[in-house]
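Here are my notes on the model, point by point. Please read them with the structure open.

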Amino acid sequence: MVGKLDLQAVVGFKGSVPDGLLLHPDNSHLIYPLGSTVVVRHVPTREQTFLRGHDAPVNALALSKSGQLLASGAKTHMGFPADVIVWDFEKREAKFKLRLHKVAVQCLTFSPSERFLASLGGQDDNALVVWDLETGTPICGTPAATDSARTVTFFRTSDRHLVSAGRFHIRIWTFDLPNKKLR
């Protein structure tokens, strides 16, 4: 009988994920995707830990301002959902698995207070969704644009404002939490 193989180390960095190399605020950890795994490398010791939970290649990464939360989004195939996983960085474990996007997660961003996560679906989905990070549930969502949106980010000092951009557009959004709307 053959035993299970454990991942002990990886060599390489593909570099194909936009903003896919993150330096943790502690200045000691590098975070990057490699296939369906998120690699966390402790720079001084070269020790690697692996965040595994995706069934498809990781296509987007975001790190909260404090570094306590990490989000990763996958890219699957036509007809399949693309998951977002929110990780507790300190514990190195999944906190939430969020599933609403189709085919791909294009971009992820945390709000300044780290209470919300915005996710942007790829060209086949193009949905902008705001998630509640206390419960792991979607608050609201809307098509990001009439064409493909490529990126989204919260304003640096506001949980209520986001900006998305893509081919031929830049749009500023107001997140209306009481009415659960993006305007």
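The points below take up the pocket, the cores, one strand and its partners, and three single residues.

1. Status. This is a predicted model. Local features are discussed here only where pLDDT is at least 70.

2. The largest pocket. Its space comes to about 690 Å³. The lining has 25 residues, and Leu63, Leu108, Thr109, Phe110 and Thr153 are the closest to the centre. Three elements give two or more residues to this lining: β5 (58–63), β9 (105–110) and β13 (149–154). By type, the lining splits into 14 nonpolar, seven polar and four charged residues.

3. The largest nonpolar core. In soluble globular proteins, nonpolar side chains tend to be buried together. Here the largest such core holds 17 residues. Val86, Leu98, Leu108, Phe110 and Leu117 have the most contacts inside this core. Two or more residues each come from β5, β6 (69–74), β7 (81–88), β8 (93–102), β9 and β11 (127–132). Leu108 and Phe110 deserve a second look: they are among the residues with the most contacts in this core, and they are also among the closest to the centre of the largest pocket.

4. Val86 and its contacts. Neighbours within four places in sequence are set aside here. Val86 then contacts Leu69, Leu70 and Ala71. Val86 also contacts Glu93, Ala94, Lys95, Phe96 and Leu98. Leu117 and Leu133 complete the list for Val86.

5. The second core. A separate core has 16 residues. Cys107, Ala118, Leu162 and Trp173 are among them.

6. Burial of β11. Which residues of β11 are buried on each side? Ala127, Val129 and Trp131 are buried on one side. Leu128, Val130 and Asp132 are buried on the other. That makes six of six residues in the strand buried. Note that Asp132, too, is on the buried list.

7. Pairing of β11 with β10. Strand β10 (residues 116–121) runs antiparallel to β11, and five bridges join them. Leu120 has Leu128 as its bridge partner. The hairpin of these two strands has five residues between them, and Asn126 takes a positive phi near 55 degrees.

8. Pairing of β11 with β12. Strand β12 (residues 137–143) is also antiparallel to β11, with six bridges. Trp131 stands opposite Pro138. Four residues lie between the strands of this hairpin. Gly136, in the turn, has a positive phi of about 75 degrees.

9. Two positive phi values to check. Neither residue is a glycine. Val103 has phi near 70 degrees and lies in the loop between β8 and β9. Phe168 has phi of about 65 degrees and sits in the loop between β14 (161–166) and β15 (169–176). Are these residues buried or exposed? Val103 has 10% relative accessibility, so this residue counts as buried. Phe168 has 74%, so this residue counts as exposed.

10. Leu182. This residue belongs to strand β16 (residues 181–182). Its relative accessible area is 11%; the limit for burial is under 20%, so Leu182 is buried. What does Leu182 touch, beyond residues up to four places away in sequence? Leu128 and Val130 are on the list, and both are residues of β11. Cys140, Thr142, Leu162, Trp173, Thr174 and Phe175 are touched as well. Leu162 and Trp173 also belong to the second core. By contrast, His42 is 140 residues from Leu182 in sequence and 38 Å away, C-alpha to C-alpha.

Terms used:
Residues numbered from 1 in each chain as written. Predicted model: local features only at pLDDT ≥ 70, side-chain atom pairs only at ≥ 80, totals over all residues. Heavy atoms only, no water. 1 Å grid on protein atoms, 1.4 Å probe; cavity = no way out; pocket = protein on both sides within 12 Å on 5 of 7 lines; lining within 4 Å. Points joined across faces, edges and corners; volume = space filled by probe spheres on them. Nonpolar A, V, L, I, M, F, W, Y, C, P; charged D, E, K, R; others polar. Core = buried A, V, L, I, M, F, W, Y, C linked by side-chain atoms within 4.5 Å. Buried < 20%, exposed > 50% of the residue type's maximum accessible area, 1.4 Å probe, protein only. Contact = heavy atoms within 4.5 Å. Pairing = 2+ DSSP bridges.
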